[in-house]
Amino acid sequence: MKDNCFNEFDPNALNVEVALIKILGSVASKKDYELIPLKKAYGRVLAKNIKSHQNIPNYKNSAMDGYAVNIENINDTKHIFKCVGESFAGHPFEKSVNVNEAVKVMTGGMVPKKCNAVVMKELVKNEDDKIIINSKIFIDQNIRFPGEDIKKNEIVLLKGKQIDEIDMGILASLGKVDVLVYSKPIVGFLSTGDELVSVNKPLKKSQVYDSNRYLLLGLLQKYPIKIKDYGVVKDKMLLIEKKLSLASNECDVLLTTGGVSVGDADFVKNALDKLGRINFWKIAVKPGRPLAFGKIKKCLFFGLPGNPVSVVVTFNLFVNAAIRKLTGQKYSPSLSVTARLESEIKKRKGRKEYKRGILSIKNGKLTVKSSGAQGSNILSSLKDANSYIELTENIKEIKKGEDVKVIPFVLTSEHYE
Ligand code: AMP
Ligand code: MG
């Protein structure tokens, strides 16, 4: 694969793991929380373990439409029961059911006390007030028992869990009206660059549309945070300083893109140095080497690179970890799989690389190939990718047919050939 960038080894660059430890070490654990209605809780992070105060289900009920029976002779293969009533979901039959008696029951309907099996409707013949069943009946068949889903006093959801759609259902089934969640931190972002133009204006020569702010807007959506867009700032030290100073007063995290390298128009690192503290600014990762991380007063600061793919990769690797911790969630490393490489990949030693890959299953085996040109400006090959191929610092080349580590994005059947 052609690579137009010359990448020399930089001994001062931190490796990804060390950078992550430094980042996580600078983020204070989340403490402030609020009580909100369950209806508003989707995507928020639980600030307290959720304990069930009841069994779910909390009464013995039927898994089928059919008949709840009080059976004595389970060895018989023909049974006749007298039908003595009905039990619908929400409308129980509360009288006693004697041996060889049955109650018509709907799915979810309460199974009367002495009934010890439910027979599905399809296996039952009705004759006057009797039902006839010509098959074996097993004790407890088709009965759902109290607590078989969730037991009383069980911890159902752990503090730090981001509430998803399943949790919404669980919380509702526990009868929770309100939920205690961590409050939302404020994450702000801005772009730097004299060449940047907003999407509603025509482009002149030597200008590009400011796509990074939209990338970040998209990347930030899944977090329980308040997002603040600070627009574009020109490549002028004073202007950058002013904007960083203002935004860092209003945010818990501030992200910038561009202007963080060593070019003549790169002022972000110096501005951070002047207003706050640089923790590190070089990482041995490609794409994404310059990344200024530090703090301006209490605000965490990430000066991300300018190239769009570098923005996404460094966001996924580093900003994600910080925001997760700041929102009260655990940092969890990405799931990875091993896949066979479909064609050779070359790289230089010294940096960990994240190539954009297409992971698929061929003849029952996971295989991966590059999704296209790998320049850090080529966003279209990230669009076509469904995974990163992670190549560690020491690797120089990987040959076709060798195993590689692959970090899948969310996989759908669309990605399988
Ligand atoms: P820089 O790090 O500022 O030197 O930018 C590196 C590359 O990323 C240059 O080609 C920039 O034009 C491009 N770039 C920087 N910021 C943005 C942005 N907000 N949207 C699109 N491209 C950008
Ligand atoms: Mg720039």
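In which helix is Asn-212 found? The residue belongs to helix 3, which spans residues 212–220. The structure discussed here is a predicted model.

**Asn-212 and its surroundings**

Asn-212 has a relative accessibility of 8% and therefore counts as buried, the cut-off being under 20%. A polar atom of the Asn-212 side chain lies 2.8 Å from the backbone oxygen of Gly-306. Apart from neighbours within four places in sequence, the residues in contact with Asn-212 are Ser-191, Thr-257, Pro-305, Gly-306, Pro-308 and Val-311. Gly-306 is thus both a contact of Asn-212 and one of the closest residues around ligand 1.

**The ligand site**

Ligand 1 is surrounded by 13 residues. The closest of them are Glu-195, Asp-210, Ser-211, Gly-259 and Gly-306. By residue class, the shell consists of 9 polar, 2 nonpolar and 2 charged residues. Polar distances from oxygen atoms of the ligand are listed below.

| Ligand atom | Protein partner | Distance |
|---|---|---|
| Oxygen of ligand 1 | N or O atom in the side chain of Glu-195 | 2.5 Å |
| Oxygen of ligand 1 | Polar backbone atom of Gly-306 | 3.3 Å |
| Oxygen of ligand 1 | Polar backbone atom of Asn-307 | 3.3 Å |

On its own, ligand 1 has 480 Å² of accessible area, and the protein covers 74% of that area.

**Nonpolar cores**

The largest nonpolar core contains 41 residues. Within this core, the residues with the most contacts are Leu-255, Phe-302, Phe-315 and Phe-318. Two or more residues each are given to the core by helix 1 (16–26), strand 13 (186–192), helix 3, strand 17 (253–257), strand 20 (290–296), strand 21 (299–304) and helix 6 (308–326). Helix 6 supplies the largest share, with 12 residues.

Leu-255 shows how some of these parts meet. Beyond residues up to four places away in sequence, Leu-255 touches Val-187, Gly-188, Phe-189 and Leu-190, along with Leu-216 and Leu-220. The list of residues touched by Leu-255 also holds Phe-302, Phe-315 and Val-319. Phe-302 and Phe-315 are themselves among the residues with the most contacts inside the core.

A second core, separate from the one above, has 17 residues, including Val-233, Ala-247, Val-268 and Ala-292.

**Val-285 and the cis bond that follows**

Val-285 is placed in strand 19, made up of residues 285–286. Its relative accessible area is 0%, so Val-285 is buried. Outside its neighbours within four places in sequence, Val-285 is in contact with Val-16, Leu-317, Arg-351, Lys-352 and Tyr-354. The C-alpha atoms of Val-285 and Thr-314 are 8.6 Å apart, with the two positions 29 residues apart in sequence numbering.

The peptide bond from Lys-286 to Pro-287 is cis, and its omega is near 0°. Pro-287 sits in the loop between strand 19 and strand 20. Another cis peptide bond runs from Ile-56 to Pro-57, with omega near -10°. Pro-57 is in the loop that separates strand 2 (50–51) from strand 3 (61–62). Most peptide bonds are trans, and most residues other than glycine have a negative phi.

**Strand 8 and residues with positive phi**

Val-124 is part of strand 8, residues 124–127. With a relative accessible area of 11%, Val-124 is buried. Its contacts, leaving out neighbours within four places in sequence, are Tyr-67, Val-119, Ile-131, Ile-132 and Ile-133. Val-124 and Ile-80 are 44 residues apart along the chain, and their C-alpha atoms are separated by 9.8 Å.

Asp-128 lies in the loop between strand 8 and strand 9 (130–133). Phi of this non-glycine residue is positive, near 50°. Asp-128 is exposed because its relative accessibility of 83% is over 50%.

Asn-153 likewise is not a glycine and has a positive phi, of about 75°. This residue is in the loop between strand 10 (143–144) and strand 11 (155–157). Asn-153 is partly exposed, at 48% relative accessible area.

**A long separation**

Asp-273 belongs to helix 5, residues 268–275. The relative accessible area of Asp-273 is 47%, so the residue is partly exposed. Asp-273 and Gln-141 are 132 residues apart along the chain, with 71 Å between their C-alpha atoms.

Terms used. Residues are numbered from 1 along each chain as its sequence is written. Chains are lettered from A and ligands numbered from 1 in the order in which they are written. This is a predicted model: local features need pLDDT of at least 70, side-chain atom pairs count only at pLDDT 80 or more; totals for chains, interfaces and linings use all residues. Side-chain values use heavy atoms; hydrogens and water are left out. Helices (H or I, at least four residues) and strands (E, at least two) are DSSP runs, numbered from the N terminus. Buried means under 20% relative accessible area, exposed over 50%, partly exposed in between (1.4 Å probe, protein chains only). A polar contact is a pair of N or O atoms within 3.5 Å; within protein, one must be able to donate a hydrogen and the other to accept it, and residues adjacent in sequence count only if both atoms are side-chain atoms. Contact means heavy atoms within 4.5 Å. A residue is near a molecule or strand if one of its heavy atoms lies within 4 Å of it. Accessible areas come from the Shrake-Rupley method with a 1.4 Å probe; for residues, only the protein chains shown count as cover. Ala, Val, Leu, Ile, Met, Phe, Trp, Tyr, Cys and Pro count as nonpolar, Asp, Glu, Lys and Arg as charged, and the others, Gly among them, as polar. A nonpolar core is a set of buried Ala, Val, Leu, Ile, Met, Phe, Trp, Tyr and Cys residues joined through side-chain atoms within 4.5 Å.
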